[in-house]
Structure formats: structure tokens, C-alpha cells
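Student: Please take a close look at one part of this model, the surroundings of the ligand. Then carry on to a few local details of the backbone and the packing.

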Amino acid sequence: MTATIIVGGGIAGLALAHRLVRLDPDHDVKVVEASPRPGGVVRTQRAEGFVTEVGPETIVDDGSGLSGLIGDLGLTGNTIEPRPDVKRRFIVRHGHLVEVPTLPGAFLRSPLLPLSAKARLALEPLCRRGRDPEETLASFVTRRFGREVLEQLVDPFASGIFAGLPERMEMASCFPEVWKAEQDYGSVLRGMRRARKGRGRPRIIGFRGGNEDLVNALRRVLGDRLWLGRSVTGLHRAGAQWGVTVGGEVPIELTADRIVLGIPSYRAAELVRPHDAELARELDSIVFVSLASVFLAVPEPRVPDDVRGFGFLVPRREAKNSVLGVLYSSDLFEGRARAGYKLFRAMLGGARNPSALEATDDQLLIEVRETLHDLAGVEAEPMFCRVHRYERTLPQFEPGHQARMGRVRERLAGLPGLCLTGQSYEGSGVSTCIRNARALAEELGGAT
Ligand SMILES: Cc1cc2nc3c(=O)[nH]c(=O)nc-3n(C[C@H](O)[C@H](O)[C@H](O)COP(=O)(O)OP(=O)(O)OC[C@H]3O[C@@H](n4cnc5c(N)ncnc54)[C@H](O)[C@@H]3O)c2cc1C
């Protein structure tokens with residue numbers, strides 16, 4: 001019987017464990033998680049009639065691994081989609097919220113981009129393919145679509161998804177499908193159209209009771225394979241196997257055929273350093289940024305009628321403070337706010353504002369209230385506030401990331417039985433972590 005220990009019970013570690021057991025019910029799988037609760041950053045809180053997501057709020061179901069996991073867990077009936085009338089997203093332009101057009105006609109009429117930038121888009125299919133595999137998002141977009149599209153559209157989305165800066169993000173790592181579209185078809189617009197034909201449109205989902213529903217379902221299935229509140233403090237060879245030291249009042253030594261590190265790369269670096277200092281150096285060099293999120297609820301009648309939709313993003317050139325964007329949480333999914341209240345969630349910090357977390361909670365709250373007041377006309381005193389801080393939480397796939405991952409794979413080949421999973425390597429986001437974890441399970445399951 002094969003034995004696998006997964007270090008870290010975030011969504012990646014849990015999804016991997018679940019898939020391994022599903023592929024082979026006799027597989028001896030243990031997940032060792034430092035926190036008393038599983039799920040890592042996926043966490044839902046309930047208080048005063050509000051349901052708030054501490055971590056991810058919207059999950060993209062692209063039909064790859066997440067749908068399979070949801071089906072396996074019998075959670076299909078528990079997923080919810082944003083209300084149909086909230087598909088509107090906004091971006092700040094010249095100090096005002098402008099709706100992001102989704103149809104070509106609306107795009108041509110939209111004030112989001114000047115005419116010159118729209119005309120520039122027509123030239124995209126004529127641009128040459130990029131040759132630099134380490135090209136940044138900023139360079140890619142400027143080359144193919146022009147500077148205005150970068151600053152007005154792509155910069156805020158880079159903040160919204162990665163909390164990153166386009167000039168420090170490797171295109172091929174952050175948006176592999178778009179990168180591939182250019183490489184395969186010579187045009188992003190043409191390539192994306194073709195790629196979409198073969199598969200359904202990705203959909204945004206949440207879970208009826210909050211995203212922790214997914215974690216709780218995994219927890220139920222994994223049962224006592226899940227060791228909570230136990231931190232792995234050491235990794236060692238044990239003959240042909242690997243061993244881990246599980247900390248606690250009385251440390252425990254566990255051995256297994258395989259160890260999978262499903263923890264942030266900078267934590268994995270600490271464990272692998274005694275075995276391969278070069279691998280540890282590579283893992284340590286993956287940069288993470290910190291974030292804060294502020295939930296705030298105000299009486300619905302005090303919110304202007306047109307403040308309805310998904311939320312808004314703030315391009316860097318429009319930013320007055322460290323707010324990256326605001327989600328209209330209670331518009332997105334039903335049941336998130338107490339009746340009669342509207343719940344907003346602002347994200348602050350990221351690569352754009354590295355010192356944002358030095359501010360006190362009150363200062364962060366003031367920034368959010370100012371932003372909501374100036375951009376959305378929301379003036380009311382909030383009756384509910386929650387501030388969450390996340391230190392070194394989102395990996396930034398900087399130029400050279402793909403090459404680094406190549407070197408990481410080479411070094412791991414010299415440490416058979418040791419694997420990595422989680423958001424630090426092949427992409428962040430709940431869906432991506434699940435897809436990659438399940439793919440790793442297939443690889444490992446097939447190797448038993
Ligand atoms: C504020 C915020 C908002 C986000 N919003 C979205 C969103 O809307 N949509 C989306 O798809 N994604 C979103 N993400 C990203 C997404 O949540 C992450 O990419 C994903 O959850 C990462 O999962 P993971 O398992 O790789 O890591 P983690 O969740 O970080 O899990 C790692 C686990 O390892 C444990 N651990 C660490 N060291 C040890 C050790 N030595 N021993 C044992 N255990 C250890 C930790 O306690 C943790 O539980 C968001 C992230 C944040 C922070």
C-alpha cells in the first residue's frame with residue numbers, strides 16, 4: 001500500500017488528498033495542517049446576519065477540475081451563480097465609474113477608452129508574435145493593444161486578480177491561455193475566439209453557505225486522514241522513504257513513500273533546504289504580496305440606485321489611496337447581507353502598495369469609506385465592518401518564473417518521492433489549485 005503525506009491542508013492539499021483516495025481507496029493518505037481548521041485562505045465567517053468570505057469570494061469554474069470535484073462531493077446543488085442583473089463591472093476613468101462593455105457595439109460607444117485606443121485594437125491581428133518567453137504583461141499588452149489599454153483596462157484587472165503590477169508579471173505564467181493564443185494563432189483576438197469554440201464559457205460560482213462549504217465537504221470525506229493543528233517542522237530521509245517531523249507538545253515522526261508540500265513556496269523552502277539548498281533558493285525567490293480586505297455594510301436606502309453590479313476596479317493612475325477595487329458582495333450572491341443592508345468588500349495593498357498593511361484598521365476603513373464616497377456616492381455610516389490582513393499571501397509570477405519552474409522540476413527529479421503543489425507554482429486561484437492538484441494525483445496515482 002502506498003503512503004503519501006501532504007503537508008498543508010489548503011484547498012490544494014485537500015483536493016489532492018481527495019483525488020488520491022478516490023483513485024485508490026487503499027492509498028494511505030494523511031494531510032498535516034498547521035491550523036486548527038482546514039482550507040487555508042478559503043474561509044467563511046458568519047456574524048450579525050452577514051456572511052463574509054475571509055479569502056476567495058468568486059470562483060471561476062472553467063469546467064476543468066473544480067466541476068469534477070464538486071460532482072464527486074455531491075455539491076452540485078450547493079453552488080450558486082451571481083444574480084443575473086449583477087454582471088456589470090466598472091472601472092474608474094477620470095474619477096468616475098464607467099461600465100466595462102461586454103458587447104462589441106457597446107464597446108465602440110463606451111467612454112472607457114478614447115477613440116484612438118479603440119482604433120488601435122483593430123491592428124492587433126497584424127502585430128508580430130512575441131519571441132521573449134519572459135515578456136511581461138505590460139510589454140505584451142502595449143505591443144499588441146497599445147498603452148491606453150494597458151493603463152485603463154489591464155492594469156486594474158492585474159490588480160483585481162493577482163494584486164500585481166503588469167510590468168512585474170510574466171505573461172506566459174499569469175495568462176497562459178492568452179500567451180498561447182498569440183503563439184498559436186499570431187493574434188490574441190483570433191486565438192481566443194477559436195479556443196472558446198471548443199468549450200463552454202467559464203462561469204463564476206460561489207457556494208450557498210459560503211465557499212467554506214467546499215472545505216467542509218472535503219473535511220467530511222477525508223475524516224481522520226486530516227491532522228489539524230499540527231505543523232510540519234522537519235523533513236528527512238528515512239531509507240527509501242521520506243519522513244516528516246510533526247510538531248506539537250510531543251513531536252511525532254511520520255514516514256511515507258511520498259511527501260507533497262502543499263504550503264507556500266517560502267515555507268517549502270525551509271523544509272527542503274537541508275536536502276537541496278539550490279532548490280530552497282529557487283523556492284525562496286518566488287515573491288509574494290500582502291493584502292487587506294475590508295467588509296463594510298450600510299443601509300440599502302443610503303446607497304445610490306446605480307451602485308449595483310459586480311463591483312469596480314481602480315487603475316493605478318486613478319488611485320487616491322491603497323484601495324485596488326471594491327466588490328458589491330451582497331449583489332453578487334444572495335444571502336450575504338442582513339435584509340435591508342448592502343455589503344461591500346474592498347481589497348487594499350498588493351504589489352502597488354507594499355506598505356498598505358502598516359496602516360491601522362481605522363486608517364484602512366477611512367480609505368475605503370473615502371473611495372466609496374468619492375466614486376459611488378455612498379455616504380452612510382457603516383453598521384458592520386470587518387478588516388482582514390493577509391501577509392505574503394499571493395504569489396507573483398515575475399519574469400523568469402517559467403524558467404525557474406523548469407529548474408525546480410529538474411532539482412525535484414533528484415529528490416524522488418518529494419512533490420510540490422499549491423498556488424505558488426503553476427497558477428493561483430481556487431480552480432487552478434484544484435485542477436493542478438488533481439492532475440498531480442493522477443500522476444502519482446498512476447505511479448503506484
Ligand atoms: C484575500 C484573498 C482573496 C482571494 N480571492 C480569490 C478569488 O476570489 N477567487 C479565487 O479563485 N482565488 C482567490 N484567492 C486565491 C486563492 O484563495 C488561493 O490561490 C488558494 O486558496 C491557495 O490555496 P493553497 O492550498 O495553495 O494555499 P493556502 O490556502 O495558503 O494553504 C496552505 C496551507 O498550508 C498550511 N501550512 C503552512 N505551513 C505549514 C506547515 N509547516 N505544516 C503544516 N501546514 C502548513 C497553512 O496553514 C495553510 O492552511 C484569494 C486569495 C486571498 C488571500
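Tutor: What follows goes from the ligand shell to a buried strand residue, a helix and some backbone angles.

This is a predicted model. Start with the shell. The ligand is surrounded by 30 residues. The closest are Glu33, Thr58, Gln423, Gly429 and Val430. By class, 14 are nonpolar, 12 are polar and 4 are charged. Three elements each supply at least two residues of this shell: helix α1 (11–23), strand β19 (384–396) and helix α16 (430–446).

Now the polar contacts. Glu33 uses its side chain: an N or O atom there is 2.6 Å from an oxygen atom of the ligand. Ile11 and Val41 use the backbone instead. A backbone N or O atom of Ile11 is 3.2 Å from a ligand oxygen. For Val41, a polar backbone atom lies 3.0 Å from an oxygen atom of the ligand. How much of the ligand does the protein bury? Alone, the ligand exposes 1000 Å², and the protein buries 86% of that.

Next, Thr52. This residue sits in strand β4, residues 50–53. Its relative accessible area is 2%, so Thr52 is buried; the cut-off is under 20%. Beyond its neighbours within four places in sequence, Thr52 is in contact with Arg43, Thr44, Gln45, Phe295, Leu343 and Phe384.

Glu48 lies in the loop between β3 (44–47) and β4. Phi of Glu48 is positive, near 50 degrees, and the residue is not a glycine. At 43% relative accessibility, Glu48 is partly exposed.

Turn to helix α5, residues 137–145. Its buried residues are Leu137, Ala138, Phe140, Val141, Arg144 and Phe145. Why do they count as one side of α5? They lie on the same side because they cover an arc of only 165 degrees around the axis. The general rule is helical geometry: an α-helix has 3.6 residues a turn, so residues three or four places apart point the same way. After α5 comes Gly146, with a positive phi near 100 degrees.

Last, Ala163. This residue is in the loop between α6 (147–162) and α7 (171–174). Phi of Ala163 is also positive, near 55 degrees, in a residue other than glycine. Is Ala163 buried or exposed? At 4% relative accessibility, Ala163 counts as buried. Glu48, with its own positive phi, is partly exposed.

Definitions and conventions: Residues numbered from 1 in each chain as written. Predicted model: local features only at pLDDT ≥ 70, side-chain atom pairs only at ≥ 80, totals over all residues. Heavy atoms only, no water. Near = heavy atom within 4 Å. Polar contact = N/O pair within 3.5 Å; in protein donor to acceptor, adjacent residues only side chain to side chain. Areas by Shrake-Rupley, 256 points an atom, 1.4 Å probe, with all protein chains shown as cover. Helix = DSSP H or I, 4+ residues; strand = E, 2+ residues; numbered from the N terminus. Nonpolar A, V, L, I, M, F, W, Y, C, P; charged D, E, K, R; others polar. Buried < 20%, exposed > 50% of the residue type's maximum accessible area, 1.4 Å probe, protein only. Contact = heavy atoms within 4.5 Å. Arc of directions from axis to C-beta.
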